[in-house]
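Colleague: Please take a close look at one part of this model, the main nonpolar core. Start with the whole, then work inwards.

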Amino acid sequence: MRANGRLRTTVPSSTIRNLGILAHVDAGKTTLTERVLFATGTIHKRGEVHTGTTVTDYDPQERDRGITIFAAAVSCTWDGHRVNLIDTPGHVDFSDEVERSLRVLDGAVAVFDAVAGVEPQSETVWRQADRHGVPRIAFVNKLDRAGADLDTAVRSLRDRLGAVPLVVQLPIGREDSFTGVVDLVAMRALHWPAGADTVVPGPVPEALREEAGRRRRLLEETVAELHAGALEEFCADNALGDATLARALRELTLSGDGVVVLCGSAYRNRGIEPLLDAVVAYLPAPSDMPPVRGIADGAEQERAPDPSEPFTALAFKVTATATGRLTYLRVYAGTLRKGATVLDAATGRTERVGRILRVQADRHEEREEAVAGDIVAVVGLKAARAGTTLCAPGAPLLLEPPSVAEPVVSVAVEARGNADTGRLASALARLAEEDPSLVVRCDPETGQTVLSGLGELHLEVAVEKIRRGHGVEVVVGRPQVSYRETVVRGVTGLVHRHVKQDGGAGQFAHVVLDVEPLEGTAFEFRSTVVGGRVPQEYARAVEAGCRDALAEGPLGGFPVTGLRVTLTDGSMHSKDSSEMAFRAAGRFGLREALRLSTVELLEPVAEVTVSVPEESVGGVLGDLAARRGRVRGSTAEAGTAVVTAVVPLAELFGYASGLRGRTRGRGVFTSRPAGLAPAPASVAAALPAG
């Protein structure tokens, strides 16, 4: 276990680890990142979240609020390997930052609280990692806390995440007396003496030898069940050698069939070195990853993670700093050199890279080049956005961009003084450029500028960034949620004729539409017309027109979702029919069909987990009921009650302050999106007519 010296300009991709730190808010991600930087010799003084001195929480708002808001990249070296770390946010409002980070990472460390186990946002980020196929290891943190229990936390991984935990450590001591771990792979003890900054290896304590042997045996049996090579050795020798066990653990981690679990206390600097060893031993290098796939000349192509391949990279983050506009890149193939010209694969525009930087949160170290597997920031790109593919001009390849979450909360914003209107517009454009999950639009009815995002806190942070970063005083309206409309009972055989004659060639399109509900939040279009009465190109125009009509529903002008439209019949005119005419027929025909259908209003809802003293449960349940919440369950343990409910998002505005007042500051809650649910008639009646 040792940290190496200064970073070299380039290193073999087999010695690189690109990983994210994922967790629920307050599980200890940022503290863990800080201790990793200290253990590797990257920093020489440990910072703390509560004092606002950590490397990765460098933004003033992060220090004021004590939470991670923006994903921050840092690099360090350990045992001859370069580790590129991204400390991701744990609050649900900033899950889009996690999504963009996971798109470019090869592995992750999922951090869990040893008392709480799997929490709501833990589950959310775990599912995000599942979608991206990111291999993970787990670190059960805060074993020094009262009530901490490794086995309970591991059980929650199995029960709530469906994971197969492969526990490779046994704690030495409980709660305040937690001083070290037993390494079940090497069968040795690792101690962290009080006041010491380094680990002290030693033999397994006599009192723990029997338990350590039992857990090692359980680990071997679990691995043998999952890994064919390990099973063969286990059947032959009735045991697994250390080398076989370590190799099997790595292969199970890479395949996602198992999750290696380690433990410790980041705050007390215990468990960091073996975690770094596990990152190097079990998580993949860029060279372990399959070739990246993209589209070139209309066909799918692959590009291997090799410095000699044509340059290919994905931009996943854009920030404005005092040193200029930084574009963060994950290099998937080839080599990028300072001063090189790169191609935007989507637009065909070329730009020149001015500088290449290795990022240490808000500090930067200049580099001459970046190679396949690197995560770097570049200066000089003016048009690249998050999701832009950059590649060698002679070898374009368009990669799939990260998905962007749909906004659910909106506020009206305006400058306090007329003189600041232009500066506000510029600040909002910059915000939307840096964070694709923020959407800025102008309300056509009121003329107000509307800012939409993923939650109340998300918008608070954005507005405060305008005030602090751009010096613009902003007046903010009451938050509004993003409603949707859906079809409950449709119509069949709706006939619409679009006929227009203004002299010269006219417009003619005749369509017959069926509209029916579709489970979920999707839109589906199909054509069953036979005999060429509506040619295929006109049917596609009808579909485009229907999609146009979905922008505004008949109830309140909200987007329509969850329906299937079938083009069953129609006719055309040899001269007057065109794609434009059929698109108009589709648009106006579906609008008419929606007015004749039974349409229901949908509102976004959130799953809320509230932790309060037992004596406050009655008041909290009554308040949730008043907010139209549906309680799903409640548990009580050690004087604390945990209530889970589904509550309309519109009713959660201001809930944090209300909960604090009702519980004298002792109540806390977390929430996560839970989709859409039908809104009661009272809500629909209060909306303006569509």
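Modeller: Accessible areas here come from the Shrake-Rupley method with a 1.4 Å probe, and for residues only the protein chains shown count as cover. On that basis the protein exposes about 29400 Å² of surface, and carbon and sulfur atoms hold 49% of that area. Keep in mind that this is a predicted model.

First, the frame. The C-alpha atoms fill a box of roughly 95 × 65 × 65 Å along the principal axes. The radius of gyration is 28 Å, which agrees with the value near 26 Å for a compact globule of 690 residues. There are 16 helices and 39 strands. Of the 690 residues, 54% are buried. Among contacts with a separation of 6 or more, 72% join residues 24 or more positions apart. As for charge, 78 side chains are positive and 89 negative, and the centres of the two sets lie 3 Å apart.

Now the core. In soluble globular proteins, nonpolar side chains tend to be buried together. Here the largest nonpolar core has 52 residues. Leu32, Val109, Ile137, Val223 and Leu249 have the most contacts inside it. Its largest share, seven residues, comes from α9. Another core lies apart from it, with 39 residues. Val409, Val474, Val610 and Phe653 are among the members of that other core.

Stay with α9, which spans 272–282. Nine of its eleven residues are buried, so the helix is largely enclosed by the rest of the structure. The buried set opens with Ile272, Glu273, Pro274, Leu275 and Leu276. Ala278, Val279, Val280 and Tyr282 complete the set. Glu273 is thus a buried member of this helix.

Ile137 links this helix to other parts of the chain. Leaving aside neighbours within four places in sequence, Ile137 contacts Leu275, Ala278, Val279 and Tyr282, among others. Its partners also include Leu283. Further contacts of Ile137 include Ala108, Val109 and Ala110. Thr253, Val259, Val260 and Leu262 are on the list too.

Finally, the approach to the helix. A loop runs between β11 (259–263) and α9, and Asn269 sits in it. Asn269 has 5% relative accessibility, so it counts as buried, the cut-off being under 20%. Beyond residues up to four places away in sequence, Asn269 touches Arg35, Phe38, Arg46, Trp192 and Asp197.

Notes. Residues numbered from 1 in each chain as written. Predicted model: local features only at pLDDT ≥ 70, side-chain atom pairs only at ≥ 80, totals over all residues. Heavy atoms only, no water. Helix = DSSP H or I, 4+ residues; strand = E, 2+ residues; numbered from the N terminus. Rg over C-alpha atoms; globule rule 2.2 N^0.38 Å. Buried < 20%, exposed > 50% of the residue type's maximum accessible area, 1.4 Å probe, protein only. Contact = heavy atoms within 4.5 Å. Lys, Arg positive; Asp, Glu negative; His and termini not counted. Charge placed at Lys NZ, Arg CZ, Asp CG, Glu CD. Core = buried A, V, L, I, M, F, W, Y, C linked by side-chain atoms within 4.5 Å.
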